[in-house]
Amino acid sequence: MTVPFSLVGIDHVVFIVDDMEKAIRFYHDVLGCRPGYTYPALGMEQVWCGSALIVLWDITHPGGHKAAPPVAGGRNVDHVCIATGPFDHDELRAHLGRHGVAIEREAMHGGARGMGHSFYVKDPFGNTIEIKGPAEYPDGRG
């Protein structure tokens with residue numbers, strides 16, 4: 001059996017932060033990331049790290065409450081997004097089903113390559129993985 005898509009690389013990683021100003025300073029000033037998309041209603045800022053995005057999600061912002069870990073000192077990575085080549089959505093659903101992997105949700109989201117369809121699954125250790133197809137809207141705006 002073959003996998004119904006080809007891997008392109010990491011699209012983005014989402015880090016949970018509790019001080020957006022400090023996070024932006026580090027990623028811009030220390031690592032040299034360029035400003036990316038901003039989502040003020042979610043308390044979310046994105047920075048370009050080469051051709052991929054690092055998403056900073058502030059759990060002290062009202063829009064970031066759902067990203068807060070269930071316990072103090074818990075996780076600080078929400079999910080990893082894997083960019084793929086084109087794939088048939090039904091084939092991917094069937095492929096995941098054959099492997100006993102439940103789809104947590106599907107969504108149309110922006111990312112490093114623009115707006116595209118995403119499937120969210122959990123790895124065997126409970127980590128959330130976003131499988132993201134190519135951009136349907138390259139500028140991320142739809």
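The legends below describe close-up views of a predicted model.

**View 1. Salt bridge between E21 and R25 in helix α1.** The closest N and O atoms of E21 and R25 are 3.3 Å apart. Because the two residues are 4 positions apart in helix α1, about one helical turn separates them. An α-helix has 3.6 residues a turn, so residues three or four places apart point the same way. E21 counts as exposed, at 59% relative accessibility. R25 is partly exposed, with a relative accessible area of 42%. This pair is one of 3 salt bridges found in a search of the whole structure.

**View 2. Nonpolar surface patch formed by F26, V30 and L31.** Together, F26, V30 and L31 have about 290 Å² of accessible area. F26 belongs to helix α1, which spans residues 20–30. The relative accessible area of F26 is 38%, so this residue is classed as partly exposed.

**View 3. Network of salt bridges linking D90, R93 and E106.** R93 pairs with D90, and their closest N and O atoms are 2.6 Å apart. Both R93 and D90 lie in helix α2, 3 residues apart, which is about one turn of the helix. R93 also forms a salt bridge with E106, where the closest N and O atoms are 2.8 Å apart. E106 lies in strand β6 and R93 in helix α2, so this pair ties together parts that are 13 residues apart in sequence. D90 counts as exposed, at 55% relative accessibility. R93 is partly exposed at 30%, and E106 is partly exposed with a relative accessible area of 32%.

**View 4. Buried side of helix α2.** Helix α2 runs over residues 89–98, and L92, H95 and L96 are buried in it. These residues lie on the same side of α2, because they cover an arc of only 95° around the axis. The buried residues of α2 pack against three strands: β6 (103–109), β7 (116–122) and β8 (128–132).

**View 5. Surroundings of A83 in strand β5.** A83 counts as buried, with 3% relative accessibility. Leaving out residues up to four places away in sequence, A83 touches S6, L7, V8, G9, I10, D11, R113 and K132. A83 and I10 are 73 residues apart along the chain, and their C-alpha atoms are separated by 5.5 Å.

**View 6. Surroundings of T84 in strand β5.** Strand β5 covers residues 77–84 and includes T84. The relative accessibility of T84 is 0%, so T84 counts as buried. With residues up to four places away in sequence not counted, T84 touches F5, S6, V8, R113, I131, K132, G133 and P134. The contacts of A83 likewise include S6, V8, R113 and K132.

**View 7. Cysteines C33, C49 and C81 in a structure with 0 disulfides.** A search of the whole structure finds 0 disulfides. The cysteine sulfur closest to that of C33 belongs to C49 and is 4.6 Å away. This separation is too far for a bond, because a disulfide requires cysteine sulfur atoms within 2.5 Å. C81 is in no disulfide either, and the nearest cysteine sulfur, that of C49, is 14 Å away. C33 counts as buried, at 8% relative accessibility. C81 is also buried, at 0% relative accessibility.

Conventions: Residues numbered from 1 in each chain as written. Predicted model: local features only at pLDDT ≥ 70, side-chain atom pairs only at ≥ 80, totals over all residues. Heavy atoms only, no water. Buried < 20%, exposed > 50% of the residue type's maximum accessible area, 1.4 Å probe, protein only. Patch = residues over 30% accessible without salt bridge, like charges linked within 9 Å, V, L, I, M, F, W, Y side chains within 5 Å. Areas by Shrake-Rupley, 256 points an atom, 1.4 Å probe, with all protein chains shown as cover. Salt bridge = Lys/Arg side-chain N within 4 Å of Asp/Glu carboxyl O. Contact = heavy atoms within 4.5 Å. Arc of directions from axis to C-beta.
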